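Colleague: I am new to this structure. Please take a close look at the ligand site, then lead me on to the sheet and the unusual backbone spots.

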Amino acid sequence: MKVGLAGFGFAIRHAQVIAANPFVTEFAIAELSTDRREQAAREHPQARIFDDAVEMLQGMEPDCVIVASSSNSHATITRAALEAGIHVFSEKPLALSWAEARELKSLADQAGLIFQAGYILRYEARHQLLHDHVNSGRLGRVVLIRSKRNCSRTWFETWGKHSHPVLESMVHDLDLATWLTKQRCVRVSAWGQKFLGGPPPEAVVAVLEFDGGALAVLETSWLIPDGAPANIVGPLGREDEGAGVLDAHFEVHGTSAVETLSLYDPSLMLMTDERTYVPESTLFPASALGVGGALRDELFDFLAHVRGDLHTGVASIDDAVHVQAVVEAIGRAAESGTPAAVED
Ligand SMILES: NC(=O)c1ccc[n+]([C@@H]2O[C@H](COP(=O)([O-])OP(=O)(O)OC[C@H]3O[C@@H](n4cnc5c(N)ncnc54)[C@H](O)[C@@H]3O)[C@@H](O)[C@H]2O)c1
């Protein structure tokens with residue numbers, strides 16, 4: 001199988017997973033930055049290296065592409081791939097707008113191509129168990145979902161401002177709420193705060209109303225100071241330039257039971273003179289075993305689907321497109337100060 005990877009930032013992890021897949025016979029990496037291209041060539045000497053993702057699609061003609069470049073490049077690369085008959089895995093968000101996401105999905109449908117959205121939490125073991133419990137009726141009817149997703153303040157400068165905290169962090173909770181309730185969000189109220197000189201806001205609160213009666217209260221804040229123990233650290237042996245905090249808490253309140261889940265897990269702690277680390281160990285742990293966890297399960301699942309093998313069907317592109325419609329409604333509600341209907 002010929003696999004292309006677009007982007008080599010956060011996707012250094014994706015590259016390790018792809019390289020470890022036994023069915024990948026040809027591998028290429030596209031990256032705009034010279035330094036990162038050189039790093040990719042050093043770490044993956046078997047891979048062909050390209051300057052740009054669209055150039056890679058033309059030069060390599062892969063069976064599939066994994067789009068893990070900057071969020072504002074996803075739609076262009078995905079469109080080029082689908083038009084060339086190439087299956088696509090796209091990191092979240094699918095696009096910067098709902099209209100683009102919808103158009104990409106219909107392009108994939110027309111061409112009969114796989115288009116998978118990278119909502120990694122669907123592949124994380126505790127989120128899977130939570131989903132099983134909701135699905136089996138153990139919680140009764142879902143009444144309320146409550147979530148918070150906190151990120152480092154320094155990330156707001158480097159990542160959050162590139163697109164929007166709702167697209168970068170709250171989308172995970174929008175996807176989880178859609179997946180767990182199996183309902184569509186019809187109306188949102190939302191507020192954003194811009195004390196750090198946005199746009200965009202560094203903190204957002206959204207209240208969602210679903211067509212089956214469920215409610216969700218979602219919060220995201222990009223204000224965690226550098227003094228907090230870091231849980232998202234670079235793979236071992238490298239500079240930890242990505243060190244920061246992703247602190248998430250998720251609750252599902254049902255008519256029969258309540259279930260809660262915390263991502264920030266201090267069960268493993270590394271204390272140094274500079275900082276304390278509580279390495280995240282379920283999403284994309286990197287060790288001598290390679291990159292494991294949810295990211296490996298997610299990408300291997302996509303590659304199995306491309307090969308025509310059994311795959312889980314956990315990912316849903318319909319839900320991912322719906323999430324983009326909710327993102328836009330949140331933007332309208334926060335801007336106008338009045339509830340906004342979700343156009344879907
Ligand atoms: N699923 C998750 O948990 C998760 C976590 C972090 C990031 N992400 C997503 O992954 C994506 C990448 O994250 P990041 O932090 O590395 O973003 P980033 O913007 O810092 O870096 C992305 C890299 O893509 C490269 N790039 C941009 N356009 C390109 C193109 N046309 N061709 C080739 N390379 C290109 C850039 O040079 C950069 O090195 C983002 O969309 C983000 O939302 C997902």
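Modeller: The ligand site comes first, then the sheet, then the backbone.

A word on the basis. This is a predicted model: local features need pLDDT of at least 70, side-chain atom pairs count only at pLDDT 80 or more, and totals for chains, interfaces and linings use all residues. Residues are numbered from 1 along each chain as its sequence is written, and side-chain values use heavy atoms, with hydrogens and water left out.

Start at the ligand. The shell around the ligand has 24 residues. A residue is near the ligand if one of its heavy atoms lies within 4 Å of it. Phe10, Glu31, Arg36, His74 and Trp159 come nearest. By class, the shell holds 8 nonpolar, 10 polar and 6 charged residues. Here Ala, Val, Leu, Ile, Met, Phe, Trp, Tyr, Cys and Pro count as nonpolar, Asp, Glu, Lys and Arg as charged, and the others, Gly among them, as polar.

Now the polar contacts, meaning pairs of N or O atoms within 3.5 Å; within protein, one must be able to donate a hydrogen and the other to accept it, and residues adjacent in sequence count only if both atoms are side-chain atoms. Leucine 32 places a backbone N or O atom 3.5 Å from a nitrogen atom of the ligand. Serine 71 uses its side chain: an N or O atom there is 2.9 Å from a ligand oxygen. For histidine 74, a side-chain N or O atom also lies 2.9 Å from an oxygen atom of the ligand. On its own, the ligand has 860 Å² of accessible area, and the protein covers 86% of it. Such areas come from the Shrake-Rupley method with a 1.4 Å probe; for residues, only the protein chains shown count as cover.

Where does the shell come from? At least three residues come from each of domain 1 (2-118) and domain 2 (121-284 + 320-336). Those bounds come from an automatic or database domain assignment. Helix H4 (74-83) and helix H8 (165-181) are the elements that give two or more residues to the shell. Helices (H or I, at least four residues) and strands (E, at least two) are DSSP runs, numbered from the N terminus.

Next, the sheet. Seven strands form an open sheet with mixed pairing, in the order E12-E11-E7-E10-E9-E8-E17. Strands E12 (258-262) and E17 (340-341) are the edges; each has a single partner strand, so one side of each lacks a neighbour in the sheet. Two strands pair if DSSP finds at least two bridges between them. E7 (residues 142-152) and E11 (residues 246-254) run antiparallel over 9 bridges. E11 and E12 are antiparallel too, with 5 bridges, and a hairpin of 3 residues joins them. Histidine 249 in E11 stands opposite lysine 148, and its bridge partner in E12 is serine 262. In E11, 7 of 9 residues are buried.

Last, the backbone. Most residues other than glycine have a negative phi, and most peptide bonds are trans. The bond from lysine 92 to proline 93 is cis, with omega near -10°. Proline 93 sits in the loop between strand E5 (87-91) and helix H5 (98-111). Glutamate 61 has a positive phi, near 50°. Its loop runs between helix H3 (53-60) and strand E4 (64-67). Lysine 182 has a positive phi of about 55°. Lysine 182 lies in the loop between H8 and strand E8 (185-193). Glutamate 61 is exposed, at 58% relative accessibility. Lysine 182 is exposed as well, at 58%. Buried means under 20% relative accessible area, exposed over 50%, partly exposed in between (1.4 Å probe, protein chains only).
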